[in-house]
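Visitor: Could you take me through one part of this model closely, and then show me how it fits in with the rest? I'm in my first year, so please go step by step.

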Amino acid sequence: MDKKDKLKEVVDQAIASQHVPHVKLKKMGPTSVDIDKLTKPSKETHQEYWGKGLTYLAIVLIIVLVVSIIGFVGYHGLATFVSDHVNVIHFLTSTDWDPGEGKNHVGAAVMIVTSFLVTLLAALVATPFAIAIALYMTEYSSKKGANFLQSVTELLVGIPSVVYGFLGLTIIVPVIRKLFGGTGFGILAATLVLFVMVLPTITSLTVDSLKAVPSHFRKASMALGSTHWQTIYHVVLRVATPRILTAVIFGMARAFGEALAVQMVIGNAVLMPYNLVSPSATLTSQLTSQMGNTVMGTLPNNALWSLALLLLIMSLVFNFLVKLIGKKGQK
């Protein structure tokens, strides 16, 4: 007896032993059950297979895309050291950047230092404002006020980078030039532009982190006689600290990878900055301004791909830090 015959016997026995008058199976005869239909996949089962297939296909495509990007950038970025025989230590520590003159003039220290300075300063300036706005939205503001600030934050996120760069070029740079002298271009102008750009990101993630603090923590603190501010300072901020740090790192990642807005206000001079108002260059500004002026496969082009590889590595480092802090926060 095969599986279909066994299934038919079980169904027949179930129908024969069915004595509840209000159940529809009472009106079914043993010969009215389609055993083939019971054993074949249904329409819903086919939809399930299609859904799983499309999901796995999307995952595979994403993995292939990420691996392809890393492989492509890595292949061209490492060509500077493999094909052109540029010393890695010299590349990371030298301030002499003129790849057209030969491999001894490929030093990215200026762009690396400037990129980190601009990123750190923008994060240091934006974080206190972001925390203050987030605390007001979650702890003090009314629902209408919080919704209004949320709308403003979302509006700032949607503004294109070129608009921020143009505003910095026409407003911030002349003000700095008038107050401190010089050309007005430099780290200070780039920091102020990035401050406005990363503020919405850090604020939104900080709001989510404060809302994630369980309400019974606040109630327990209030029950022990703490004031509202004491509860915020000693309980809410302490619990939300790992998520707030994650928000700051996301903001730093955004600042480190920003290109167009920074290029418009940094000055694009490959000079080690000696103050906040001296023109300099970041990794992204050098890439965007010089990539179109080089020939594929030459040393100047490979050197720019090496800068792109540095940016990619830093992006991976930022993601690793987010994962690491997230795990510590869960513990």
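Guide: Let's begin with a simple ruler: the expected span of a helix is 1.5 Å times one less than its number of residues. The part to try it on is helix α5, in what is a predicted model. α5 has 32 residues, so at 1.5 Å a residue it should span 46 Å, and its end C-alpha atoms are indeed 46 Å apart.

That agreement does not rule out a bend. α5 has a kink of about 30 degrees at alanine 126, shortly before proline 128.

Now pick out one residue of this helix, threonine 119. Is threonine 119 buried or exposed? Buried means under 20% relative accessible area. Threonine 119 has a relative accessible area of 2%, so it counts as buried. Once its neighbours within four places in sequence are set aside, threonine 119 is in contact with Met252, Ala255 and Phe256.

A useful general idea helps when you look along any helix in the picture. An α-helix has 3.6 residues a turn, so residues three or four places apart point the same way.

Next, look at helix α8, which covers residues 187-211 and holds valine 207. The C-alpha atoms of valine 207 and alanine 130 are 8.8 Å apart, although 77 residues separate the two along the chain. Apart from neighbours within four places in sequence, the residues in contact with valine 207 are Ala134, Met137 and Thr138. With 3% relative accessibility, valine 207 is buried too, because it falls under the 20% limit.

The ruler works on α8 as well. Its 25 residues reach 35 Å from the first C-alpha to the last, close to the expected 36 Å. Like α5, α8 has a bend: about 35 degrees at valine 198, with proline 200 following within four residues.

Now let's step back to the nonpolar cores. The largest one has 56 residues, and Phe91, Trp97, Met111, Leu283 and Leu307 touch the most other members. Among the elements that give two or more residues to this core are α5 (109-140) and α8, along with α3 (43-82) and α13 (299-330). The biggest contribution comes from α13, with 14 residues. There is also a second, separate core of 11 residues, which includes Met137, Leu237, Ala240 and Ile244. You have already seen Met137 as one of the contacts of valine 207.

Phenylalanine 91 is a good place to see the contacts around a member of the largest core. Beyond its neighbours within four places in sequence, phenylalanine 91 is in contact with residues including Trp97, Val106, Ala109, Ala303 and Leu307.

Another helix in that core, α3, has 40 residues and reaches 56 Å between its first and last C-alpha atoms, close to the expected 58 Å. Its buried residues are Val73, Gly74, His76, Gly77, Ala79, Thr80 and Phe81. In the loop between α3 and α4 (88-93) you will find histidine 85. Histidine 85 has a relative accessible area of 54%, so it is exposed, the limit for that word being over 50%. Most residues other than glycine have a negative phi. Histidine 85 is not a glycine, yet its phi is positive, about 60 degrees. Asparagine 268, in the loop between α11 and α12, also has a positive phi, near 55 degrees. This asparagine is partly exposed, with a relative accessible area of 31%.

Finally, here is the whole protein as a setting for α5. It contains 13 helices and 0 strands, and 35% of its 331 residues are buried. Among contacts between residues at least 6 apart in sequence, 68% join residues at least 24 apart. The UniProt annotation, from an unreviewed entry, lists "transmembrane region" for several stretches, including residues 53-75, 106-135 and 155-176. In the model, residues 53-75 are 100% helix, with end C-alpha atoms 32 Å apart. Residues 155-176 are 91% helix, and their end C-alpha atoms lie 26 Å apart.

How values were computed
Residues are numbered from 1 along each chain as its sequence is written. This is a predicted model: local features need pLDDT of at least 70, side-chain atom pairs count only at pLDDT 80 or more; totals for chains, interfaces and linings use all residues. Side-chain values use heavy atoms; hydrogens and water are left out. Buried means under 20% relative accessible area, exposed over 50%, partly exposed in between (1.4 Å probe, protein chains only). Contact means heavy atoms within 4.5 Å. UniProt positions are given in the numbering used here, feature names are shortened, and annotations may be inferred rather than shown by experiment. The bend at a residue is the angle between axes fitted to the seven residues ending there and the seven starting there. A nonpolar core is a set of buried Ala, Val, Leu, Ile, Met, Phe, Trp, Tyr and Cys residues joined through side-chain atoms within 4.5 Å.
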